[in-house]
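Reader: I'd like to learn how to read helix packing in a model like this one. Could you take me through it, a feature at a time?

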Amino acid sequence: MESIPDPMARPTVSDAHPPTPFGVRLREVREARRLSMRELAELASEPTPGLPDATVTHAPISLVESGRQTTVDVVTAVRIARALGVTVEWLVTGESAKGGV
C-alpha cells in the first residue's frame, strides 16, 4: 500500500530542489561582496527612496540560495538587488539591463 504524503509536513533538505539560477547568482554576488546573509538583509532593509518601507530578513535569502524557495516578492528582489549593486534583471536572467535596478 502506498503511503500518502502529509501535506502539513515541512520539507527536508533532501526534498529541496537545486537552487534556481536566481539563487545561484544571489549567492555568488553576495559572497563576492563578502556579505553574510544577515548583513545583506540589513543593507536591503535600509530606507530606499521610491520603495515602500520593508524589513528583509535573512530567511528568504537563505531559502532562495538553498533551493528551498524559488522566488521572493518584487519589493524584496529590488531591495536585495540594490543592496548588492546589481539589477533585478541580472539576478533573474543573468543578463544586464540598461539603466537602474
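**Reading the helices**

Author: Let's start with one pair: α2 and α3 are oblique to each other. Angles under 35 degrees count as roughly parallel, over 145 as roughly antiparallel, 65 to 115 as roughly perpendicular, and the rest as oblique. Bear in mind that this is a predicted model, where local features need pLDDT of at least 70 and side-chain atom pairs count only at pLDDT 80 or more, while totals for chains, interfaces and linings use all residues. Residues are numbered from 1 along each chain as its sequence is written, and side-chain values use heavy atoms, with hydrogens and water left out.

Reader: What angle and axis distance do α2 and α3 have?

Author: Two packed helices are described by the angle between their axes and the distance between the axes. Axes are lines fitted to C-alpha atoms, for helices over the stretch in contact, and angles run from 0 to 180 degrees between N-to-C directions. Here α2 packs against helix α3 (residues 58-66) at about 125°, and their axes are 8 Å apart. The crossing of α2 past α3 is right-handed (the near helix is turned clockwise from the far one by less than a right angle; anticlockwise would be left-handed).

Reader: Which residues make that contact?

Author: From α2 come Met 37, Arg 38, Leu 40 and Ala 41, and from α3 come His 58, Ile 61, Ser 62 and Glu 65; contact means heavy atoms within 4.5 Å. By class, that's 4 nonpolar, 2 polar and 2 charged residues. Ala, Val, Leu, Ile, Met, Phe, Trp, Tyr, Cys and Pro count as nonpolar, Asp, Glu, Lys and Arg as charged, and the others, Gly among them, as polar.

Reader: And how do α2 and α4 cross?

Author: Helix α2 (residues 37-45) and helix α4 (residues 74-84) have axes that come within 8 Å and cross at roughly 105°, so this pair is roughly perpendicular. Leu 40, Leu 43, Ala 44 and Ser 45 of α2 touch Arg 79, Ile 80, Ala 83 and Leu 84 of α4. That contact has 6 nonpolar, 1 polar and 1 charged residues.

Reader: Which way does α1 cross α3, left-handed or right-handed?

Author: Left-handed. The α1 and α3 axes are 7 Å apart, at an angle of about 115°. Phe 22, Gly 23, Leu 26, Arg 27 and Arg 30 in α1 meet Ile 61, Val 64, Glu 65 and Ser 66 in α3. The classes here are 4 nonpolar, 2 polar and 3 charged.

Reader: Glu 65 keeps turning up. Is it buried or exposed?

Author: Buried means under 20% relative accessible area, exposed over 50%, partly exposed in between (1.4 Å probe, protein chains only). Glu 65 has 2% relative accessibility, so it counts as buried. Leaving aside neighbours within four places in sequence, Glu 65 contacts Pro 19, Gly 23, Leu 26, Arg 27, Arg 30 and Met 37. The buried residues of α3 are Pro 60, Ile 61, Ser 62, Val 64 and Glu 65, and what covers them includes α1 (21-32), α2 and α4.

Reader: Where should I look for a positive phi outside glycine?

Author: At Arg 34, whose phi is about 55°. Arg 34 sits in the loop between α1 and α2 and is exposed, at 76% relative accessibility. Just after α3, Gly 67 also takes a positive phi, of about 90°.

Reader: What about the threonines in the loops?

Author: Thr 55, in the loop between α2 and α3, is exposed at 70%. Thr 87, in the loop between α4 and α5, is buried at 12%.

Reader: How many helices and strands are there in total?

Author: The protein has 5 helices and 0 strands; helices (H or I, at least four residues) and strands (E, at least two) are DSSP runs, numbered from the N terminus. Of its 101 residues, 32% count as buried.

Reader: And what pLDDT does the protein average?

Author: pLDDT is the predictor's confidence in each residue, from 0 to 100. The average is 84, with 78% of the residues scoring at least 70. Among the elements, helix α5 (residues 88-93) has the lowest mean, 91, and α2 the highest, 97. Where pLDDT is low, the predicted coordinates should not be read in detail.
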